[in-house]
Amino acid sequence: MLALQGATRPHVEVLSALGADPVEVRTPDDLNVVDALVLPGGESTTMSFLLDSSGLRAPLQARLDDGMPAFGTCAGMILLATEVLDGRPDQESLDAIDITVRRNAFGRQRDSFEADLDVEGLAGGRFHAVFIRAPFVERTGEDVEVLASVSGHPVLCRSGRVLVSSFHPELSDDLRLHQLFLEEMAA
Amino acid sequence: MSDQPTSTTGTFRVKRGLAEMLKGGVIMDVVTPEQAKIAEDAGAVSVMALERVPSDIRRDGGVARMSDPALIEGIKATVTIPVMAKARIGHFAEAQVLESLGVDFVDESEVLTPADEAHHIDKWAFTVPFVCGATNLGEALRRISEGAAMIRSKGEAGTGNIVEAVRHLRSILGDIRKIGVADEAELFEWAKRLQAPLPLVQEIARTGELPVPMFCAGGIATPADASLVMQLGAQSVFVGSGIFKSEDPPRMARAIVEATTHFRDPSIIAKVSKGLGEAMKGLEMAQLEVKLADRGW
């Protein structure tokens, strides 16, 4: 669990409930002991700054290039993308999934919303999703599978062992997406 | 239609959700777009747009009001992180203006001169989330019952002195711990003593924590101050005068951001504290003419 800033605890609670053993990652040493990484929501600019100041960026990039499974929600999705629009000009991404993401694409906080989504291949009905100043995906690469969209904009995507969502499954009391990540991608 | 789900805005879940996203971060007071840029560059999770930082409000005296909308818009246009702004206690018209400007969080703040001596704003009536100050658990729960999505311990703004923030945090978190071991019958007495709604007291007994995120404000001036309040149990920090009244604001800002993330690691606090220059000049509580924390009911 990347724990530089943001909503780490709700993720830790969901992962623990599913029988995983989450560890908080703040330094390169912490990263050495994990098999897969969840990148939480929060401010992507802050996390990006802290990736550099903590010396985590290079080892994290190496692990991702090496195929470490990763699940990024909201800011975590922005960090994992290939390209970021409406970010800061110096905002560097980790390029773990071939998508272009627009920050705060749904608007400011007054536009934050909840909605029930149809998720491709997910049993058990619609997924109640919480969007907070959320980004959406503007472009997807060839090997990227879009699992859910809002008004035509992809909000849940998967490519290989990387899963990204613009919304916050950790705030929904619904464990299915974390379960999908743990069982199908990080196993 | 899978592509057009019905959606709802302004729910308590999305309000509290933004507070959740700001955890482990630093919210910085800024008075110009240039300062807002410095704050964002330094890793702030949010900026509080103000005309004067609390230490200047304290020095100048007079009535302190909501900031000029032009200033708030200028700051909003400069940064990509959430922008907060302050309304006077009970001044729901100022809050309406801030909401219409698209501010991401409204701080119903004791730093400004209160507009109502009995009533706080009915925060349920708004789409924008609110943060409110508290000096003790009863005050925190009354604000939550009025719809606040985040609580910050008040401390004493504009002093650069951490002592009041520590007092308020210890009071709030200490009472939460005591409620955690109280039996059912004792919870009624707690609700009465705190002058707070019983269901919120019962919720604390069940979960062991406040129903919304709790941040710390009022007096944080150094990286070690941030580490102290985070170790005491705050989930993020507000830094008002502490950054832009210090000798080297960009460095102080970065250092406090790093200290907030690595608050349990003294070697990192030591590293970021080296050669930071002068922190803001602080004030002793006994010298104060006005205690801002006494405002709010």
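Accessible areas in these legends come from the Shrake-Rupley method with a 1.4 Å probe. The model shown is predicted.

**View 1. Surface of chain A.** Chain A exposes about 6,800 Å². Carbon and sulfur atoms supply 43% of that area. Of the 187 residues in chain A, 60% count as buried. The chain carries 15 positive and 30 negative charges, and the mean positions of the two sets lie 6 Å apart.

**View 2. Fold of chain A.** The secondary structure of chain A consists of 6 helices and 10 strands. Its C-alpha trace spans about 40 × 40 × 35 Å along the principal axes. The radius of gyration of chain A is 15 Å, which agrees with the value near 16 Å for a compact globule of 187 residues. When contacts between residues at least 6 apart in sequence are considered, 63% of those in chain A join residues at least 24 apart.

**View 3. Surroundings of B:Glu164.** B:Glu164 lies in helix H7 of chain B, which covers residues 163-180. Its relative accessibility is 3%, and because buried means under 20%, B:Glu164 counts as buried. The side chain of B:Glu164 makes a polar contact with the side chain of B:Lys291, at 3.4 Å. Leaving aside residues up to four places away in sequence, B:Glu164 touches B:Gly155, B:Glu156, B:Met285 and B:Lys291. B:Lys291 therefore appears both in this list of touching residues and as the partner in the polar contact, which is within the 3.5 Å cut-off for such a pair.

**View 4. Fold of chain B.** Chain B has 13 helices and 9 strands; one of the helices is H7, where B:Glu164 is found. Along its principal axes, the C-alpha trace of chain B spans about 55 × 45 × 45 Å. For 297 residues, a compact globule would have a radius of gyration near 19 Å, and the 19 Å of chain B agrees with this. Among contacts in chain B between residues at least 6 apart in sequence, those joining residues at least 24 apart make up 66%.

**View 5. Surface of chain B.** The accessible surface of chain B comes to about 11,300 Å². Carbon and sulfur atoms account for 51% of this surface. Buried residues make up 61% of the 297 residues in the chain, and B:Glu164 is one of the residues that count as buried. Chain B has 33 positive and 40 negative charges, with mean positions 3 Å apart.

Notes:
Residues are numbered from 1 along each chain as its sequence is written. Chains are lettered from A and ligands numbered from 1 in the order in which they are written. This is a predicted model: local features need pLDDT of at least 70, side-chain atom pairs count only at pLDDT 80 or more; totals for chains, interfaces and linings use all residues. Side-chain values use heavy atoms; hydrogens and water are left out. Helices (H or I, at least four residues) and strands (E, at least two) are DSSP runs, numbered from the N terminus. The radius of gyration is taken over C-alpha atoms; the globule rule is 2.2 Å times the number of residues to the power 0.38. Buried means under 20% relative accessible area, exposed over 50%, partly exposed in between (1.4 Å probe, protein chains only). Contact means heavy atoms within 4.5 Å. Lys and Arg count as positive and Asp and Glu as negative; His and the chain ends are not counted. The place of a charge is taken as NZ of Lys, CZ of Arg, CG of Asp or CD of Glu. A polar contact is a pair of N or O atoms within 3.5 Å; within protein, one must be able to donate a hydrogen and the other to accept it, and residues adjacent in sequence count only if both atoms are side-chain atoms.
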